[in-house]
Amino acid sequence: KMQKSRQMIDELTQFEQYKTSQKRRAFQQQRAAELSYLQEAREKDRRYQQRDAERRQREKERFAQLVEANYAQTKQRQLDEQRRREEDERIMQEYYRMEEVKEMRRRKEMEGFQRSALF
């Protein structure tokens with residue numbers, strides 16, 4: 001009878017150990033799944049952050065190119081306007097010179113008429 005009760009105690013102990021080890025295994029599996037999920041989430045977040053940083057960098061570079069192109073266009077436009085003003089000024093100077101020459105010729109002709117009229 002004593003042996004029978006000892007055997008039952010041993011079986012109960014083994015059963016308790018089996019249940020405990022099952023619980024431990026289930027907990028470890030759940031913890032591993034949670035860690036795996038967290039690691040995957042961190043990796044996704046890292047990739048997202050990296051893509052976002054790359055996108056921002058591309059936008060910065062594109063903006064810098066646009067600013068540079070706009071500056072170059074503005075500079076070119078200013079140079080073109082300056083050349084046009086200089087050309088207009090040159091043309092006006094030439095026109096005034098020609099008008100002065102015409103006026104001088106007209107005066108000489110008038111002086112010539114006046115002299116011939118005196119004689």
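Buried means under 20% relative accessible area, exposed over 50%, and partly exposed in between (1.4 Å probe, protein chains only). This is a predicted model, in which local features need pLDDT of at least 70, side-chain atom pairs count only at pLDDT 80 or more, and totals for chains, interfaces and linings use all residues. Residues are numbered from 1 along each chain as its sequence is written, and side-chain values use heavy atoms, without hydrogens and water.

Q: How far apart are the closest N and O atoms of Glu87 and Arg90?
A: Both residues lie in helix H1 (a DSSP run of H or I, at least four residues, numbered from the N terminus). Three residues, about one turn of the helix, separate Glu87 from Arg90. They form a salt bridge (side-chain nitrogen of Lys or Arg within 4 Å of a carboxyl oxygen of Asp or Glu). The closest N and O atoms are apart by 2.6 Å.

Q: What is the relative accessible area of Arg90?
A: Its partner Glu87 has 35% relative accessibility, so Glu87 counts as partly exposed. Arg90 is also partly exposed, because its relative accessible area is 48%.

Q: Which residues do salt bridges that share partners join into one network?
A: Arg55 and Glu59 form a salt bridge at 3.0 Å, and they sit four residues apart in helix H1. The network contains Arg55, Glu59, Arg56 and Asp52.

Q: What is the N to O distance in the salt bridge of Glu43 and Arg47?
A: Glu43 and Arg47 are four residues apart in helix H1, so about one helical turn separates them. Their side chains meet at an N to O distance of 3.7 Å.

Conventions: Helices (H or I, at least four residues) and strands (E, at least two) are DSSP runs, numbered from the N terminus.
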